[in-house]
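Please open the model in your viewer with the cartoon and side chains available, and follow the stops below in order. Each stop says what to select and what is there.

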Amino acid sequence: MRSEICVIAIFALLVVGSSGRSRARAETVQPSSSLGKCEVIRDKLAKYQSVCKKIIQDRRRHIQIYDNLARNLQFNNTHLQSTIIEHAATIISRNDLLVNCEREAKEREKKLCSLGIALNSTLIQLRESNETVAALSSQNALLESELSEKKAEIDKQNETIDALSTLVGNQNSSVLELKQANMLQLKELADHQNTINMLQAELVRSNAAVEALGKQNDELRAQLSASNASIKHLNELVEGYGSCCQASSCVAFGASNTVHMIQVSGVPDPFQVLCNSQLAGNGWTVIQRRINGEVDFYRSWDEYKRGFGNVTGEFFIGLERLHHMTKDTPQQLYVWLEDFSNNTRYASFDDFKIGSEQEAYALLSLGKHQGTVGDAMRMNRGQKFTTFDQDNDADEVNNCAELRHGAWWYDHCGYSNLNGFYAEADLEYDYADKGIFWADDDFHESDYSLKSVIMMIRPKVSKETL
Ligand SMILES: [Ca+2]
């Protein structure tokens, strides 16, 4: 645009120059004014020339740019040509490939034709096969009908099998539950067995400990019993010695059932007696006692004279003491009997008196009998005392002490034997007449040995005294 403007400017200057020159010629006539105008034009021209130079420089730079562009285009053209050459080569190779493909296609067509022929023959065979298949289909239909029948049977059988399977499944589940329950029970059983084993071991240990403690206990009991016996004996001695000077029988001790010391006229020393207030009132002195058989009563004359046994258990007080106890003071005798069925009886006499040793401790008197059992001593009145070593009885042939296995005021030999053998049972066969008996038709005869016997005496005094 600017170059077009420059050309137009140059053309205008040329026109103006020509008109100037014509005017210059006219001005030659008038030289001073024309000279000024030429200088103005020259300046303008010079300005136009500088503008044109600048324009030309721009045009040259543009031309340079266009040259560069042309070179680039030429380079691109060269590249495109090489690319075209490569594409042409590719096209040629693809044409070759196409030719090969066409050749292969022809060969495949030939093969296809041969395959078509083969296919036709195959189709023929196929038709024949179809016919065969049709025949087979008819057979198949028959077989299918048979098969459906069989299937129906099988279905029935399957239903039966299903029912049986369900039943078996139920039974299996029951068996499984039983197995599980059994396992739980076995586990519980094993736990219980372990517990039992532990408890048994503990029991064995406990038993050993208990046994040891039992032995200790027995030893301690024995020691305690011995200590108690000693204490009791000492107490009795103390108590006895405290009262012996006043007491000659248990009357002095009132309602007592224990051991006391008494002093009897004619007997050198005080001695222990067992008092009883339970069976027949207060004041009774026990002179003989059988309760368990722990003391042997088959003894000699001398032993019966002095007395024997344990005053708190089984004992006989002694004939010498009995003589002095009954000598001056009239005495009552009370006989208490008990059999092994715990039946009890009693017999009492109101004038019991024993003679001296010179009189062989004869039963001088018994007095009047009364009680719940008969008078089994009626034959013994006036009889002397007999032991196995001193025969004073009325039997001229035998010693009644030996026959009765005892010691008593035997006659021939009599109906009572309270110092006989302690049998703990019925003596009807082996020990008849040898046991502890008090013959009575309404109680027991001489073939029965009693369990317990107590003989006791009490002075005949008024009830107010007791
Ligand atoms: Ca005799």
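## First stop: strand E1

Select strand E1, residues 259-262, in this predicted model. Both of the faces of E1 are covered, since Val 259 and Met 261 on one side are buried, and so are His 260 and Ile 262 on the other. Add strand E2, residues 271-276, and you will find that E1 and E2 pair in the antiparallel sense over four bridges, with Val 259 standing opposite Leu 274 in E2.

## The chain as a whole

Now zoom out to the full chain, which has five helices and twelve strands. Of its 466 residues, 29% are buried, and the accessible surface comes to about 30,600 Å², with 56% of that area belonging to carbon and sulfur atoms. Among the contacts in the chain with a separation of 6 or more, 51% are between residues 24 or more positions apart.

## Strand E7 and its partners

Select strand E6 (residues 331-338) together with strand E7 (residues 344-354), which pair in the antiparallel sense over seven bridges. The hairpin of E6 and E7 has five residues between the strands, and among the points to inspect there is Asn 342, which takes a positive phi near 65 degrees.

Keep E7 selected and add E9, residues 369-371; E7 and E9 pair in the antiparallel sense over three bridges, and Ala 347 stands opposite Gly 371 in E9. Then add strand E8 (residues 363-365), which pairs with E7 in the antiparallel sense over two bridges, with Ile 354 opposite Leu 363 in E8.

## Leu 337 and the nonpolar core

Which residue in E7 is the bridge partner of Leu 337? Select Arg 345, which takes that place in E7. Show everything that Leu 337 touches, leaving aside residues up to four places away in sequence: the list holds Asn 343, Thr 344, Arg 345, Val 373, Leu 418, Trp 438, Phe 443, Leu 450, Ser 452 and Val 453.

Leu 337 also belongs to the largest nonpolar core, which has 62 residues, and the members that touch the most other members are Leu 333, Leu 337, Phe 352, Met 377, Leu 418 and Trp 438. As background, nonpolar side chains in soluble globular proteins tend to be buried together.

## Asn 380 in its loop

Move to Asn 380, in the loop between strand E9 (369-371) and helix H5 (400-404). Is Asn 380 buried or exposed? With a relative accessible area of 0%, Asn 380 is buried. Not counting residues up to four places away in sequence, Asn 380 touches Leu 363, Trp 408, Trp 409, Tyr 410, Asp 411, Cys 413 and Ser 416.

## Aromatic pairs

The structure holds 15 aromatic pairs. One of them to display is Tyr 298 with Phe 388, a tilted pair with 4.9 Å centre to centre and 40 degrees between the planes. Tyr 298 lies in the loop between strand E3 (284-290) and helix H3 (301-306), whereas Phe 388 lies in the loop between E9 and H5, so the pair ties together parts that are 90 residues apart in sequence. Tyr 298 counts as partly exposed at 25% relative accessibility, and Phe 388 counts as partly exposed at 32%.

Next, select Phe 352 and Trp 409, whose ring centres are 6.5 Å apart and whose planes stand at 85 degrees, so the pair is edge-to-face. This pair links distant parts of the chain, with Phe 352 in strand E7 and Trp 409 in the loop between H5 and strand E10 (416-417), 57 residues apart. Both Phe 352 and Trp 409 are buried. To see the wider setting, select the cluster that ring pairs link together, which comprises Phe 297, Trp 301, Tyr 304, Phe 308, Phe 316, Phe 352, Tyr 361, Phe 385, Trp 408 and Trp 409.

## Last stop: the calcium ion

Finally, select the calcium ion and show its donors: Asp 391 (OD), Asp 391 (OD), Asp 393 (OD), Asp 395 (O) and Asn 398 (O) coordinate the ion at 2.2 to 2.6 Å. Along the chain, the donors of the calcium ion follow the spacing D-x1-D-x1-D-x2-N. Colour these residues by accessibility, and Asp 395 will appear as buried, with a relative accessible area of 10%, while Asn 398 counts as partly exposed at 32%.

Conventions: Residues numbered from 1 in each chain as written. Predicted model: local features only at pLDDT ≥ 70, side-chain atom pairs only at ≥ 80, totals over all residues. Heavy atoms only, no water. Donors = N, O, S within 2.8 Å, 3.2 Å for Na, K, Ca; no water. Buried < 20%, exposed > 50% of the residue type's maximum accessible area, 1.4 Å probe, protein only. Contact = heavy atoms within 4.5 Å. Areas by Shrake-Rupley, 256 points an atom, 1.4 Å probe, with all protein chains shown as cover. Core = buried A, V, L, I, M, F, W, Y, C linked by side-chain atoms within 4.5 Å. Pairing = 2+ DSSP bridges. Phe/Tyr/Trp six-rings, centres within 6.5 Å; stacked < 30°, edge-to-face > 60°.
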